[in-house]
Amino acid sequence: MRLSVPGPRSLAGQLFAMQAVLIAVVVAGYALFSYVSDRSQAEEAATRQARAVARSVADSPSVLAATRTADPSAELQPYALKVMRDTEVDFITIMDPRGIRWTHPDPDQIGQTFQGHTEKALRGETFTETYTGTLGPSVRAVTPIQDGPRVVGMVSAGIRVEEITQRVQDQLTALLGVAAGALVLGAVGTYVVNARLRRHTHGMNAAELSRMHDYHQAALHAVREGLLMLDGQYRVALINDGGRELLGVAGGVVGRSVAELGLPAPLTGALLASEPRVDEVHLTASRVLVINTSPVSGGERRGTVVTLRDVTELQSLMGELDSERGFTQALRSQAHEAANRLHTVVSLIELGRAEEAVEFATAELELAQALTDQVVAAVSEPVLAALLLGKTAQANERGVELMVSEDSSLDDGLLPETLPARDLVTILGNLIDNAVDAAQGSTGARVTVAAYTRGSDGSPELVLRVSDTGPGVDPEHAEAVFQRGFSTKPAGPGGRGLGLALVRQTSQRHGGSLTVAEADGGGAEFEVRLPLRESGTAAEDVPSGVTAARGAGGDA
């Protein structure tokens, strides 16, 4: 035979048992207190009643007159019995000063000695006592019958203790009925409350709830993704460490409205939206975030659950992958062109025109070397030089001439550690991609890039300028082009309208600026100015890797 050990009760069950016991104890305690109090009150009432009856009989003129006759019992016995019936006392005993009874409920006791104390009454005092006499224990009052100062008799009136107990029991029966009703009502109310509690706690006990709370807290602080919970009034109800870091908020934000957190307007609008948002990309001052929102409803709107993911590194990898794809396409194009040139050289040799073949090959080498020399001479910083060479090949493949202006001058080692090369790739790569897109198809399609430093030793700055021969930027859109999601081109697989927003984000993170104007020969001219600070004096203490290249939108 197997014995099953019952599991711990649910929290609702434990509270129900505790409350039921508490109500039972309170009701039982009240009943006991009421019983003791009622008995005490009943005894006091019986004492007052006996005293009042005894004094009334002793003060009666007819009683005083009867004490002067030869046979007082003949007149006093009927009178005492009548008063007993009228006043509902158990006995009235009238006696002489020696304690010999003139009256008694039991006629056989007349002429016998009164059982009780009479000393105080003989001194003219009225007193009460509980005494066991011929009728059993009783609460009695004894008072003198006075003829002037002389005591000529005594009166004792009393109520049996048994009768007092019966009165209390009648009251106790009613009290127990009320107590039972209160107990039943309290049990029903407790059951209803705990049934609702059971629904809210899903039948879990206290240990399970405590363990779930511990797991909940551990999970909130362990996950790298941000979690934000808003109540029905869009106030922050909960935010984990990842959410604080991704949103860039600190301090006591719980209880504050989303509109008070100082987030970018598009992100604030997404958090305040009533409809769900799925995988929306938003920019903060230093990050690229993907947000998902889901309303919490149960008959009414109770709040919103928001998840935040940092895709800054993903955007960076996508940008690098897109750049590699561009370089691959450029190399494929160059390989195709090189094959054509090689066939031309071989054909010239086969035709016996060796000198012309050498001249043709030499001219091609000189052209390629001239382009490389031009770029490296202007920008000797290796990462940017490689970017410009790759973008030149890409632009040439699309029928756009990419030139490095004569005033460009950026030596290797000039850039401080606080301005990583990958951030410059983000800025310059996106600007060149936009310029090539804009210039493609125009007459004399050309993109001009300038990169140089200017300013005194105290406040030097890096200037990156990219201009094109495209249609330019409408002055009405001069500010809108930097907003995420704005684009004048059809949406592609990776989305549009993120490139210039990333350029502005990266520029502002380093304390720089991004402006757009009309180029000299038409088209648009974008200029980025970045202060060249030494290590440890950056404008903001944010990760330098918070960048992305063209791949996640890469255009305006």
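**Exercise 1. Count the salt bridges in this predicted model, then sort out the burial of the partners in two of them.**

Step 1. The total is 15 salt bridges, where a salt bridge is a side-chain nitrogen of Lys or Arg within 4 Å of a carboxyl oxygen of Asp or Glu. Some ground rules: this is a predicted model, so local features need pLDDT of at least 70 and side-chain atom pairs count only at pLDDT 80 or more, while totals for chains, interfaces and linings use all residues. Residues are numbered from 1 along each chain as its sequence is written, and side-chain values use heavy atoms, with hydrogens and water left out.

Step 2. Take Arg98 and Asp96: their closest N and O atoms are 3.1 Å apart. For burial, the cut-offs are under 20% relative accessible area for buried, over 50% for exposed and partly exposed in between, using a 1.4 Å probe and protein chains only. Arg98 has a relative accessible area of 67%, so Arg98 is exposed. Asp96 comes out at 6%, so Asp96 counts as buried.

Step 3. Now Arg277 and Glu275, whose side chains meet in a salt bridge at 3.4 Å, N to O. Here Arg277 is buried, because its relative accessible area is 19%. Glu275 counts as partly exposed, at 41%.

**Exercise 2. Find the sequence separation of Arg309 and Asp279, and name the members of a salt-bridge network.**

Step 1. Arg309 and Asp279 form a salt bridge, with 3.0 Å between the closest N and O atoms. The pair links distant parts of the chain, 30 residues apart: Arg309 sits in strand β9 (residues 301–310) and Asp279 in strand β7 (residues 277–283). Strands are DSSP runs of E, at least two residues long, numbered from the N terminus.

Step 2. Check accessibility: Arg309 is partly exposed at 35%, and Asp279 is partly exposed at 43%.

Step 3. The network joins Glu461, Arg465, Glu525, Glu527 and Arg529 through salt bridges that share partners.

**Exercise 3. Describe how β13 and β14 pair.**

Step 1. Strand β13 (residues 513–518) and strand β14 (residues 524–531) run antiparallel over six bridges; two strands pair if DSSP finds at least two bridges between them.

Step 2. Across the pairing, Leu514 stands opposite Val528 in β14.

Step 3. Five residues lie between the strands of this hairpin, and Gly522 takes a positive phi near 90°.

**Exercise 4. Place Phe127 and list its contacts.**

Step 1. Phe127 belongs to strand β2 (residues 127–133), and Phe127 is buried because its relative accessible area is 10%.

Step 2. Phe127 and Val142 are 15 residues apart in sequence, yet 5.6 Å apart in space, C-alpha to C-alpha.

Step 3. Leaving aside neighbours within four places in sequence, Phe127 is in contact (heavy atoms within 4.5 Å) with residues including Arg51, His117, Lys120, Arg140 and Val142.

**Exercise 5. Characterise the lining of the largest cavity.**

Step 1. About 90 Å³ of space lies in the largest cavity. On a 1 Å grid over the protein atoms alone, a cavity is a set of points where a 1.4 Å probe fits but cannot get out, and lining residues have an atom within 4 Å of a point.

Step 2. Among the lining residues are Phe91, His104, Phe114, Leu135 and Arg140. β3 gives the most, with three residues.

Step 3. By class, the lining has three nonpolar, seven polar and two charged residues. In this scheme Ala, Val, Leu, Ile, Met, Phe, Trp, Tyr, Cys and Pro are nonpolar, Asp, Glu, Lys and Arg charged, and the others, Gly among them, polar.

Note on methods. 1 Å grid on protein atoms, 1.4 Å probe; cavity = no way out; pocket = protein on both sides within 12 Å on 5 of 7 lines; lining within 4 Å. Points joined across faces, edges and corners; volume = space filled by probe spheres on them. Helix = DSSP H or I, 4+ residues; strand = E, 2+ residues; numbered from the N terminus.
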